[in-house]
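Hi everyone, thanks for making time for this. Please have the sequence and the structure open in front of you, and we'll walk through them together.

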Amino acid sequence: MSDTDKHIVCPECGGTNRVAAGKPLAAARCGKCHAELFAGQPASVDAAIFDRQVTRSDVPVVVDFWADWCGPCHAMAPSFAAAARELEPKLRFLKLDTEAEPQVAARYNIRGIPNLIVFKHGKVLAQRAGAMDARSLKAWLAPFAG
């Protein structure tokens, strides 16, 4: 692998893909399931794909820990989707339902939602609880979008 090749985890099947240097990430497809690697929208993930995404992807991964019953989570969802449309493929955007995956939420000590965490190679780069509007969210993520 060259210094500019990137490992990107498919949001659909969880397969790890090597995208060659010079190939636009936005055009890349999964070699296993042929899904777009970046669809310009947040992907909902389970615990297994979450773990693969945050540990194996070479781009920073932004995870929205949320629940369906949470009003502020629903209020922030359009801002999170807008950030994904604008900032992918510089960042990966995921949504993890804390009701469906409580063990993941417990692992990161999630006490209030919505809660956003930025990961790179398994390490937490930043964390923030509470809903944000689109402008505030993009400003918070700017340092990680390279």
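**A walk from one serine outward**

Let's start with a small detail: the side chains of serine 57 and glutamine 53 are joined by a polar contact of 3.3 Å. Before I go on, please keep in mind that this is a predicted model.

Where does serine 57 sit? You'll find serine 57 in the loop between H1 and S4. Is serine 57 buried or exposed? Its relative accessibility is 1%, so serine 57 counts as buried. Besides glutamine 53, the serine 57 side chain also reaches the backbone nitrogen of valine 9, at 3.4 Å. If we set aside neighbours within four places in sequence, the residues in contact with serine 57 are His7, Ile8, Val9, Arg52 and His121.

Valine 59 lies in the loop between H1 and S4 as well. Valine 59 has a relative accessible area of 4%, and under 20% is what we call buried, so valine 59 is buried. Again leaving out neighbours within four places, valine 59 touches Lys6, Ile8, Leu25, Phe38, Pro89, Lys90 and Arg92. To get a feeling for distance, take valine 59 and glutamine 103: they are 44 residues apart in sequence, and their C-alpha atoms are 24 Å apart in space.

Now let's step back into helix H1. Which residues of H1 are buried? They are Ala47, Ile49, Phe50, Gln53 and Val54. Looking down the axis of H1, you see these buried residues within an arc of 160 degrees, so they line one face of the helix. As a general reminder, an α-helix has 3.6 residues a turn, so residues three or four places apart point the same way. The partners that the buried residues of H1 pack against are strand S1 (6-9), S4, S5, H3 and S6. Have a look at the start of H1 too, where a side-chain oxygen of aspartate 46 comes within 3.3 Å of the backbone nitrogen of alanine 48.

Next, the sheet. This is an open sheet of 5 strands with mixed pairing, and the strand order is S3-S5-S4-S6-S7. Why do strand S3 (43-44) and strand S7 (123-129) each have one side without a neighbour in the sheet? They stand at the edges, each with a single partner strand, so one side of each is left free of a neighbour there.

Let's follow S6 through its pairings. S6 and S7 are antiparallel, with 6 bridges between them. Leucine 116 has arginine 128 in S7 as its bridge partner, and lysine 120 has lysine 123 in S7. These two strands, S6 and S7, make a hairpin with 2 residues between them, and histidine 121 in the turn has a positive phi of about 50 degrees. That is the His121 we met among the contacts of serine 57. S6 also pairs with S4, in the antiparallel sense over 5 bridges, and here valine 62 stands opposite valine 118 in S6. Of the 6 residues of S6, 5 are buried, so S6 is largely enclosed by the rest of the structure.

So what fills the inside? The largest nonpolar core has 22 residues, and Phe50, Val63, Phe65, Tyr108 and Phe119 have the most contacts inside it. Two or more residues of this core come from each of helix H1 (47-56), strand S4 (61-66), strand S5 (92-97), helix H3 (102-107) and strand S6 (115-120). There is also a second, separate core of 17 residues, including Ala84, Leu116, Ala126 and Ala145. If you'd like one residue to click on, try phenylalanine 65: not counting residues up to four places away in sequence, its contacts include Phe50, Leu96, Val104, Tyr108 and Ile117.

My last stop is helix H4 (residues 134-141). Its buried residues are Leu137, Trp140 and Leu141. Down the axis of H4 they fall within an arc of 95 degrees, so they too line one face of the helix. On the face of H4 turned away from the buried side, you'll see the exposed residues Arg135 and Ala139. The buried residues of H4 pack against S4, H2, S5, S6 and S7. And at the start of H4, a side-chain oxygen of aspartate 133 reaches to within 3.2 Å of the backbone nitrogen of arginine 135.

Thanks for listening, everyone!

How values were computed:
Residues are numbered from 1 along each chain as its sequence is written. This is a predicted model: local features need pLDDT of at least 70, side-chain atom pairs count only at pLDDT 80 or more; totals for chains, interfaces and linings use all residues. Side-chain values use heavy atoms; hydrogens and water are left out. A nonpolar core is a set of buried Ala, Val, Leu, Ile, Met, Phe, Trp, Tyr and Cys residues joined through side-chain atoms within 4.5 Å. Buried means under 20% relative accessible area, exposed over 50%, partly exposed in between (1.4 Å probe, protein chains only). Helices (H or I, at least four residues) and strands (E, at least two) are DSSP runs, numbered from the N terminus. Contact means heavy atoms within 4.5 Å. Two strands pair if DSSP finds at least two bridges between them. The arc is that of the directions from the helix axis to the C-beta atoms. A polar contact is a pair of N or O atoms within 3.5 Å; within protein, one must be able to donate a hydrogen and the other to accept it, and residues adjacent in sequence count only if both atoms are side-chain atoms.
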